[in-house]
Amino acid sequence: EKGNYRHFMQKEIFEQPTVVAQTLGSYLRRSDNSVALPQFDFDLSSVKRITIVACGTSFYAGMVAKYWFEQFARVPVDIDVASEFRYREPVLEKGGLALFISQSGETADTLAALRHCKENGQTIGVIVNVPTSSMAREADLLLPTHAGPEIGVASTKAFTCQLAVMAALAAHMAVKKGLMSRAEEQEVVTHLLEAPACLNAALDHDEDIASMAHLIAPARDVLYLGRGPDFPLALEGALKLKEISYIHAEGYASGEMKHGPIALIDDEVPVIVLAPSGPLFEKTVSNMEEVRARGGQIVLISDAEGLEHAGEGCLATIEMPRVHPLIAPLVYAIPVQLLAYHVACVKGTDVDQPRNLAKSVTVE
Ligand code: F6R
């Protein structure tokens, strides 16, 4: 039931403040601002290496989480797309933690990778949205997302809920390892609990995004740039755009532009730059200037301060609330989802059922 929405995808984008709050609610304790994970008989403080395996949008959630596991818990993370993982003969030391991320819990490649890890002595953590799925049944540590049924083929709310779960898990692991003080834990939890309101504030810009979609719709190619934990968001933005609007799009780490993709830049290639204020802002802006100097048409997504500093001369700007860097990947998911959605609407494609795609990919 789409209610007042035109498409399931649109409805699911707008559900994110609610479902992220629901998901956070089952991993964070508001009474004392602490992380409270489900009980399992597995010692998170003993984890020496994490292997993350997933596909598509869930893989990009894993890429964001890698920054968090390494930054907070100081655990090295290996991450692969599931279809590559088993065939590269990964080295799996006994006692390692392998995390599988999936909306459906049925993706064949991810499930096969899970079984491979199980046979090789890994503890199996599963972040999954369908609690009755095959992956959920095979988990040692089951970490459900509470996004509710996701009907649109393009994943949206499952992604932000996956991020919410993994931010909590990374903080919890850091606490267990003695790397995060009580005060730091409270600070992280406070920032995470701010996410739903910030997602709402991001959604307030829906109409601005709708009204600029016609600028992107005629493009043949679009580039997305981001840095640090927002780099996977650039990949996610490009995936969303290509799957529902059929425009060729690529995501790049901002600093990688000059190593090749800058050759593509001319005034017909819109470049979407994800640049929240924060420690990486200046670097991203200087990459943006390299694009601009070659006639590139920039759509800058940043907060008021960032737009004031670097918004001049852009093809368009999209304003986001000012957020803590930890929750920026959740908040910046909204404009990339909405941009893809509105561009697809301008083009008149079948948003909820894009050609050649299935909601759950159960073949390898
Ligand atoms: C993108 C999309 C796909 C899925 C991928 C994994 O919008 O929906 O890339 O993310 O097929 O699916 P799950 O998460 O069900 O394993």
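**Ligand shell and selected residues in the predicted model**

In this predicted model, Glu-236 is placed in helix H10, where a relative accessibility of 1% puts the residue in the buried class, because that class takes in values under 20%. The C-alpha atom of Glu-236 lies 6.3 Å from that of Thr-57, although 179 residues separate the two in sequence. Both parts of the chain recur in the description of the ligand site, since helix H10, spanning 231-245, and helix H3, spanning 56-73, each contribute at least two residues to the shell around the ligand.

The ligand is located in the largest pocket, and 14 residues surround the ligand, of which Ser-58, Ser-102, Gln-103, Thr-107 and Glu-243 come nearest. Sorted by class, this shell consists of 8 polar, 4 nonpolar and 2 charged residues. Several polar contacts to ligand oxygen atoms can be described at the level of individual atoms. An N or O atom in the side chain of Glu-243 is found 2.3 Å from an oxygen atom of the ligand, and a polar side-chain atom of Ser-58 is placed at 2.6 Å from a ligand oxygen atom. For Thr-57, the atom concerned belongs to the backbone, with an N or O atom lying 3.1 Å from an oxygen atom of the ligand. The ligand taken alone exposes 410 Å², and 89% of that area is buried by the protein.

Beyond the ligand site, two residues were examined for their backbone geometry. Most residues other than glycine have a negative phi. Tyr-246, by contrast, has a positive phi, near 65°, and this residue is situated in the loop that runs between H10 and strand E9, the latter covering 248-253. With a relative accessible area of 28%, Tyr-246 is partly exposed, because this value falls between the 20% limit for buried residues and the 50% limit for exposed ones. A positive phi, near 70°, is likewise found for Asn-356, which is not a glycine. Asn-356 belongs to the segment after helix H14, whose range is 333-347, and the residue is classed as exposed because its relative accessible area, 78%, is over 50%.

Buried positions were also identified in loops of the model. Gln-122 occupies the loop between helix H5, covering 108-119, and strand E6, covering 123-128, and with a relative accessible area of 7% this residue counts as buried. The side chain of Gln-122 reaches the backbone oxygen of Asn-120 at a distance of 3.2 Å. Val-153 is likewise a loop residue, located between strand E7, at 141-144, and helix H7, at 157-176; its relative accessibility of 10% places Val-153 among the buried residues. The C-alpha atom of Val-153 is separated by 8.3 Å from that of Ser-360, a residue 207 positions away along the chain.

Two further pairs of residues give C-alpha separations elsewhere in the model. Leu-163 is part of helix H7 and is buried, with a relative accessibility of 0%. Between Leu-163 and Ala-217, which are 54 residues apart in sequence, the distance in space is 29 Å from C-alpha to C-alpha. Arg-6, in turn, belongs to the segment before helix H1, which covers 8-14, and at 58% relative accessibility this residue is classed as exposed because the value is over 50%. The C-alpha atoms of Arg-6 and Val-91 are separated by 47 Å, and the two residues lie 85 positions apart along the chain.

Terms used:
Residues are numbered from 1 along each chain as its sequence is written. This is a predicted model: local features need pLDDT of at least 70, side-chain atom pairs count only at pLDDT 80 or more; totals for chains, interfaces and linings use all residues. Side-chain values use heavy atoms; hydrogens and water are left out. A residue is near a molecule or strand if one of its heavy atoms lies within 4 Å of it. A polar contact is a pair of N or O atoms within 3.5 Å; within protein, one must be able to donate a hydrogen and the other to accept it, and residues adjacent in sequence count only if both atoms are side-chain atoms. Accessible areas come from the Shrake-Rupley method with a 1.4 Å probe; for residues, only the protein chains shown count as cover. On a 1 Å grid over the protein atoms alone, a cavity is a set of points where a 1.4 Å probe fits but cannot get out, and a pocket is an open set with protein on both sides within 12 Å along at least five of seven lines; lining residues have an atom within 4 Å of a point. A molecule sits in a cavity or pocket if more than half of its atoms lie within 2 Å of its grid points. Helices (H or I, at least four residues) and strands (E, at least two) are DSSP runs, numbered from the N terminus. Ala, Val, Leu, Ile, Met, Phe, Trp, Tyr, Cys and Pro count as nonpolar, Asp, Glu, Lys and Arg as charged, and the others, Gly among them, as polar. Buried means under 20% relative accessible area, exposed over 50%, partly exposed in between (1.4 Å probe, protein chains only).
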